[in-house]
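Open the model in your viewer and keep the selection tool at hand. This tour goes from one selection to the next and says what is found at each stop.

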Amino acid sequence: MGIGYGKVILFGEHFVVYGLPAIAASTDRKTEVVISEFNGEGILCDYEGRWEGRNLLEEDEETEWFRKIVFLLLKELELEGKSFKIQIKNNIPVGAGMGSSAAISVALGRALDEFFELGLGEERVSELAFKAEEVFHGTPSGIDNTLATFGGLIWFEKGKEIEKIGVKEPINIVIARIERKGNTKELVGRVREKREKNLEEFRLLEEKARGIVGNAKKTLEDNNLDELGKLMDENQKLLREIGVSTEEMDELCEIALKEGALGAKLTGAGGGGCMIALTPEEELQGKVAKGLEEKSLEVIKTKIGV
Ligand code: PMV
């Protein structure tokens, strides 16, 4: 079986595309892919709760995005023409900023590695998922495939070695999901346009983002969670300034803060999608989660730094 982890970006989304640092963490949400023998011709695929018995040799609108990933990986691994069965299980919200597409690519890469005994190694699995992300996202920073592969709590800078961040104990958070307008590619494209039009102004925001992410690393290591929450709020302000938050997202952050969360911000590309709120004590986590229920499609209580 192959596993890929879902993630939340705690600090630095969008700015990470331009080489600035970001901090992200895996959650308990994941994708699992199992590959087994198939005696027929083609690639038989089940995706729990979504589709069953689809042969990926046949074009099909619903499975199109997944066919693209599968055939890209098979080409990269020189496995074209092989027949097998794929079973997918996923509990990461899809298209919501939690890296579900990278997680599925990583899980598939690992499952192919195991079934065909390829001896790929972690870096290659991550690289394959990056290639798949390029198809969907255009210019991914690499943070999604990295987290989906390695998990944990990490400091990420494009093109550099990842750095693990150590915390005293796992930290409780609440994730709330609302509808998302626009996909990652569109949102990243919109920010890029804005940046190119007002480069000087954008550079000031980039410096602010660099400061926030640097301070966040220190506060995580020092277990200074009050300060960490304030930095999340500051990061949310920056995301609002670059135009990727929405009224509904701002409202969700306000609700979380009113219920006592130490900080709240959108996570991922924005345009709706997921919000994360910092809620260290379990009781507080429950209270914030309850408060968010009415306005959310889904509320998840989880931990980072596990
Ligand atoms: O919304 P997601 O999970 O696809 O995250 C995108 C994160 C961005 O920083 C907006 C883009 C990137 O490639 O880093």
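A pocket, in the sense used here, is an open set of grid points with protein on both sides within 12 Å along at least five of seven lines, and its lining residues have an atom within 4 Å of a point. Please keep in mind throughout that this is a predicted model.

**Stop one: the second largest pocket**

With that meaning in hand, select Glu123, Ser126, Thr146, Phe156 and Lys160, which lie nearest the centre of the second largest pocket among the 15 residues that line it. The volume of this pocket is about 330 Å³. Colour α3 and α4 next, since each of them supplies at least two residues of the lining; the element that gives the most is α3, with four residues. Sorted by class, the lining of the second largest pocket comprises four nonpolar, six polar and five charged residues.

**Stop two: the largest pocket**

Now move to the largest pocket, whose volume is about 700 Å³. Its lining is made up of 38 residues, and the ones to select are Ser101, Glu133, His137, Asp144 and Thr184, which are the closest to its centre. To see which elements give two or more residues to this lining, show β1 (2-11), α2 (100-115), α3 (122-137), α4 (143-150) and α5 (184-197). If you colour the lining of the largest pocket by class, you should find 15 nonpolar, 17 polar and six charged residues.

**Stop three: the ligand**

Select the ligand and then its surroundings, which amount to 19 residues, the closest being Lys7, His14, Ser141, Thr184 and Ala269. Three side chains deserve a distance label here. A polar side-chain atom of Lys7 is found 2.7 Å from an oxygen atom of the ligand, while for Thr184 the corresponding distance, again from a polar side-chain atom to a ligand oxygen, is 2.9 Å. For Asp144, an N or O atom of the side chain lies 3.3 Å from an oxygen atom of the ligand.

**Stop four: salt bridges**

The structure holds 24 salt bridges, and a few of them are worth a visit. Which residue forms a salt bridge with Lys265? The partner is Glu13, and the closest N and O atoms of the two are 2.9 Å apart. Lys265 belongs to strand β9 (residues 263-267) and Glu13 to the loop between β1 and β2 (22-36), so this pair ties together parts that are 252 residues apart in sequence. Both Lys265 and Glu13 are buried.

Go on to Arg124 and Glu76, whose side chains meet in a salt bridge at 3.4 Å, N to O. This pair, too, links distant parts of the chain, with Arg124 in helix α3 and Glu76 in helix α1 (residues 64-76), 48 residues apart. Arg124 counts as partly exposed because its relative accessibility is 22%, and Glu76 is likewise partly exposed, at 31%. Add Glu127 and Lys131 to the selection, and you have the network of salt bridges that links them with Glu76 and Arg124.

Finish with Glu206 and Arg203, where the side chains meet in a salt bridge of 3.5 Å, N to O. The two are three residues apart in helix α6 (residues 199-221), so about one helical turn separates Glu206 from Arg203. Is Glu206 buried or exposed? Glu206 is buried, with a relative accessible area of 4%, whereas Arg203 is partly exposed, at 42%.

Terms used:
Residues are numbered from 1 along each chain as its sequence is written. This is a predicted model: local features need pLDDT of at least 70, side-chain atom pairs count only at pLDDT 80 or more; totals for chains, interfaces and linings use all residues. Side-chain values use heavy atoms; hydrogens and water are left out. On a 1 Å grid over the protein atoms alone, a cavity is a set of points where a 1.4 Å probe fits but cannot get out, and a pocket is an open set with protein on both sides within 12 Å along at least five of seven lines; lining residues have an atom within 4 Å of a point. Grid points are joined across faces, edges and corners, and a volume is the space filled by probe spheres set on the points. Ala, Val, Leu, Ile, Met, Phe, Trp, Tyr, Cys and Pro count as nonpolar, Asp, Glu, Lys and Arg as charged, and the others, Gly among them, as polar. A salt bridge is a side-chain nitrogen of Lys or Arg within 4 Å of a carboxyl oxygen of Asp or Glu. Buried means under 20% relative accessible area, exposed over 50%, partly exposed in between (1.4 Å probe, protein chains only). A residue is near a molecule or strand if one of its heavy atoms lies within 4 Å of it. A polar contact is a pair of N or O atoms within 3.5 Å; within protein, one must be able to donate a hydrogen and the other to accept it, and residues adjacent in sequence count only if both atoms are side-chain atoms.
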